[in-house]
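This report describes the fold, the nonpolar core and the ligand surroundings of one chain. Please look at the sequence and the structure before reading on.

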Amino acid sequence: MNIGKKFANFTGVLVIYIVTILFVVPQAFAAGDAKKPESQDWEFQGVFGKFDKPSIKRGLQVYIEVCSSCHSLDQVAYRNLLDIGLTDDEAKAVAEEFEVTDGPDGEGEMFERPARLSDKFVAPFSNENAARAANNGAYPPDLSLIAKAHPGGVDYVYSLLTGFKDEAPEGVELGEDMSYNPYFPGKQISMAQPLYDDSVEYPDGTPATVAQMSWDMANFLHWTAEPEMEQRKSMGWKVVLFLLVLTALLYAVKRQTWAKLH
Ligand code: HEC
């Protein structure tokens with residue numbers, strides 16, 4: 001076999017190898033046949049990214065008025081709402097809308113009381129079986145970390161919430177009580193479309209379109225999943241600045257030391 005042929009064989013194998021890695025492997029690992037979420041321009045992205053607090057606050061309202069009847073938010077305490085700009089009284093007012101079971105009291109009885117700032121967000125169901133029983137057997141997952149836990153992240157939350165279709169495309173058979181949504185694995189989901197235009201009324205006058213509420217919800221769930229993001233980024237900058245100053249100092253010292261030796 002001459003060198004040219006060997007080389008051609010080698011290149012052929014290499015091309016097959018690269019094509020497999022680039023196109024076949026990712027397909028196999030993609031979440032079933034679900035559509036890839038469209039990536040959006042979020043304000044929190046990039047090294048200078050910040051939380052969009054007005055949007056996060058609107059998302060909180062959407063969560064309370066719409067999603068909280070099915071989804072829990074176990075990792076967030078009412079006290080954490082101070083971080084997104086609610087005053088003490090506003091956060092207390094949010095907490096007091098929910099009842100928690102406390103106790104036992106002096107007689108050994110459990111009792112209900114309004115939630116306090118130190119309580120975690122109250123879950124709509126006391127256990128998974130109750131949640132499933134109320135949702136035709138499907139489990140509405142806790143939303144605290146969904147924006148981090150799902151591979152599509154915040155873009156998935158946005159795409160899913162805006163992606164409901166009234167009817168499945170021709171040839172697709174929907175299961176009982178299922179809704180068509182191309183972004184969910186299997187393209188059908190047992191959550192009915194939760195948001196419609198004007199599902200909530202925003203006090204800041206922002207028109208409550210499905211896209212706007214989904215945007216705000218995604219910003220809110222990004223914050224619940226990574227509340228320490230702003231601190232992390234500003235710490236990163238301090239470290240970089242420190243290292244730059246340190247480098248300059250060491251360089252000056254080095255020059256001075258060697259100047260004497262020459
Ligand atoms: C009537 C109950 C109900 C309401 C209200 C509701 N959901 Fe759901 N949700 C569910 C159920 C049930 C599932 C699980 C669906 C499945 O497994 O097919 C689900 C699934 C989801 C998922 C997908 C989770 C995953 O693992 O991919 C997200 C995200 C979600 N809901 C967000 C929301 C948001 C945001 C709201 C409020 C705007 C909301 N839901 C309102 C019942 C509800």
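Leaving aside its neighbours within four places in sequence, with which residues is Ala218 in contact? In this predicted model, Ala218 is in contact with Val154, Val157 and Tyr158 once those sequence neighbours are set aside.

Ala218 and Val157 also appear among the residues with the most contacts inside the largest nonpolar core, together with Tyr63, Met217, Phe220 and Leu221. This core has 35 residues. Two or more of its residues come from each of the elements α2, α5, α6 and α7, and α7 gives the most, with eight residues.

The helices concerned are listed below.

| Helix giving two or more residues to the core | Residues |
|---|---|
| α2 | 53-65 |
| α5 | 146-149 |
| α6 | 153-162 |
| α7 | 210-225 |

Helix α6 also contributes to the ligand surroundings: three residues of the shell come from this helix, which is the largest share. The shell has 22 residues, and Cys67, Cys70, Pro140, Met191 and Pro194 come nearest to the ligand. By class, the shell divides into 17 nonpolar residues, five polar residues and no charged ones.

The chain as a whole has eight helices and four strands, in the order α-α-α-β-β-α-α-α-β-β-α-α along the sequence. Its radius of gyration is 26 Å, whereas a compact globule of 262 residues would have a value near 18 Å. The C-alpha trace spans about 85 × 70 × 45 Å along its principal axes. Of the 262 residues, 22% count as buried.

The domain assignment gives domain 1 (1-30) and domain 2 (36-76 + 120-234). Their C-alpha centres lie 41 Å apart.

Notes. Residues are numbered from 1 along each chain as its sequence is written. This is a predicted model: local features need pLDDT of at least 70, side-chain atom pairs count only at pLDDT 80 or more; totals for chains, interfaces and linings use all residues. A residue is near a molecule or strand if its C-beta atom, placed from the backbone, lies within 6 Å of it. Ala, Val, Leu, Ile, Met, Phe, Trp, Tyr, Cys and Pro count as nonpolar, Asp, Glu, Lys and Arg as charged, and the others, Gly among them, as polar. Domain bounds come from an automatic or database domain assignment. A nonpolar core is a set of buried Ala, Val, Leu, Ile, Met, Phe, Trp, Tyr and Cys residues joined through C-beta atoms within 7 Å. A residue is buried if 20 or more other C-beta atoms lie within 10 Å of its own, exposed if 12 or fewer, and partly exposed in between; C-beta atoms are placed from the backbone. Two residues are in contact if their C-beta atoms, placed from the backbone, lie within 7 Å. The radius of gyration is taken over C-alpha atoms; the globule rule is 2.2 Å times the number of residues to the power 0.38.
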